[in-house]
Amino acid sequence: PISFYSYFPARMFIPLFSLSLLIIFHKTIFIKKHVRTLLLTCGLLLITSIPILMSLSNHTLLRRWQQVSIFSNHAPNENPVAHVANNYLSHFSPEFLFISGDSGMKGQAITRHSVRGFGELYLIQLPLILAGFYFLLTKDRRILSLLTVWLLLYPLGSMFTTDTSAQATRSIIGVVPLTILSGLGTWYLVKASSQKAGFLGKITALFFFALL
């Protein structure tokens with residue numbers, strides 16, 4: 001609940017992500033022994049959301065949205081829907097993730113959010129992320145579903161803005177699933193390498209991945 005008051009994109013991300021959690025883990029969440037915890041959580045969420053709900057009456061809740069939304073500020077000849085679609089896809093582009101970051105994206109006026117010449121992630125993380133996906137695909141598809149939904153939702157913070165491409169700070173929530181996948185991929189590759197090699201192979205694998 002506190003995240004609602006930290007940064008505006010959280011107000012878009014958290015409700016949809018919470019709904020996804022209920023859908024993915026419904027068999028666990030709605031069993032009898034967890035119902036009390038669920039009710040307490042919903043009650044806490046409702047109480048802490050009262051100030052936000054009250055702000056609807058004086059329009060302060062949507063003030064920031066009106067300032068940055070493409071639907072409020074687009075040029076007369078611009079298609080807002082195409083703009084949103086382009087922004088969304090740019091969050092998954094190699095340029096944004098691994099090559100140049102948001103400072104190197106087309107039309108990005110604010111360049112202080114990433115190091116020039118570097119992506120938001122290191123290129124070495126790409127095979128680790130893929131390995132993490134593969135590991136979860138074979139071992140725990142519910143967690144894979146959770147992280148996949150997280151990744152699909154992470155552009156929400158900047159896809160509707162007047163920015164012409166992905167913006168690092170508004171989409172910072174994507175750091176979490178990508179880091180988890182990188183970590184799982186590293187663990188999986190180290191384990192797989194050590195199982196197929198002797199003692200020297202294990203030491204070599206651990207040393208190599210430690211350098212990452």
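Is Tyr-134 buried, partly exposed or exposed, and what is its relative accessible area? Keep that residue in mind as you open this predicted model, because Tyr-134, with a relative accessible area of 45%, turns out to be partly exposed, and the tour will come back to its ring.

**The whole chain**

Begin with a cartoon view of the entire protein, in which you should find 13 helices and 0 strands, so that every element from the N terminus on is drawn as α, as the DSSP runs of helices and strands define them. If you then colour by accessibility, buried residues make up 35% of the 212 residues, while the protein as a whole exposes about 13,300 Å², of which carbon and sulfur atoms supply 70%. Among the contacts with a separation of 6 or more, 63% are between residues 24 or more positions apart, and several of the next stops show individual cases of residues brought together from separate parts of the sequence.

**First stop: Phe-17 and Trp-150**

Now select the aromatic side chains, among which the structure holds 9 aromatic pairs. Select Phe-17 and Trp-150, whose ring centres are 4.9 Å apart and whose planes stand at 55°, so the pair is tilted. Phe-17 belongs to helix H1, residues 8–24, and Trp-150 to helix H10, residues 141–153, so this pair ties together parts that are 133 residues apart in sequence. Both Phe-17 and Trp-150 are buried, and you may need to hide the surface to see them.

**Second stop: Tyr-134 and Tyr-188**

Move on to Tyr-134 and Tyr-188, where the ring centres are 5.8 Å apart and the planes are at 55°, so that this pair, too, is tilted. The two residues link distant parts of the chain, since Tyr-134 sits in helix H9, residues 125–139, and Tyr-188 in helix H12, residues 175–195, at 54 residues apart. Tyr-188 has 24% relative accessibility and counts as partly exposed, because that value lies between the 20% limit for buried and the 50% limit for exposed. Tyr-134, at 45%, is partly exposed as well. Add Phe-135 and Trp-187 to the selection, and you will have a cluster of Tyr-134, Phe-135, Trp-187 and Tyr-188 linked by ring pairs.

**Third stop: helices H9 and H10**

Keep H9 in view and add H10, the axes of which come within 7 Å of each other and cross at roughly 140°, which makes H9 oblique to H10. To see the contact itself, show the side chains of Phe-133, Leu-136, Leu-137 and Lys-139 in H9, which meet Arg-141, Ile-143, Leu-144, Leu-147, Thr-148 and Leu-151 in H10. By class, this contact of H9 with H10 has 7 nonpolar, 1 polar and 2 charged residues.

**Fourth stop: Tyr-88**

Select Tyr-88 next, which lies in helix H7, residues 80–90, and which counts as partly exposed at 21% relative accessibility. If you leave aside residues up to four places away in sequence, Tyr-88 touches Leu-152, Pro-155 and Met-159. A distance drawn between the C-alpha atoms of Tyr-88 and Leu-156 should read 7.7 Å, although the two residues are 68 residues apart along the chain.

**Last stop: Leu-16**

Finish by returning to helix H1 and selecting Leu-16, which at 39% relative accessibility counts as partly exposed. With residues up to four places away in sequence again set aside, Leu-16 touches Leu-153 and Leu-156. The C-alpha atoms of Leu-16 and Val-149 are separated by 9.5 Å, with these positions 133 residues apart along the chain.

Definitions and conventions
Residues are numbered from 1 along each chain as its sequence is written. This is a predicted model: local features need pLDDT of at least 70, side-chain atom pairs count only at pLDDT 80 or more; totals for chains, interfaces and linings use all residues. Side-chain values use heavy atoms; hydrogens and water are left out. Helices (H or I, at least four residues) and strands (E, at least two) are DSSP runs, numbered from the N terminus. Buried means under 20% relative accessible area, exposed over 50%, partly exposed in between (1.4 Å probe, protein chains only). Contact means heavy atoms within 4.5 Å. Accessible areas come from the Shrake-Rupley method with a 1.4 Å probe; for residues, only the protein chains shown count as cover. Rings of Phe, Tyr and Trp (its six-membered ring) pair if their centres lie within 6.5 Å; planes under 30 degrees apart count as stacked, over 60 as edge-to-face and the rest as tilted. Axes are lines fitted to C-alpha atoms, for helices over the stretch in contact, and angles run from 0 to 180 degrees between N-to-C directions. Angles under 35 degrees count as roughly parallel, over 145 as roughly antiparallel, 65 to 115 as roughly perpendicular and the rest as oblique. Ala, Val, Leu, Ile, Met, Phe, Trp, Tyr, Cys and Pro count as nonpolar, Asp, Glu, Lys and Arg as charged, and the others, Gly among them, as polar.
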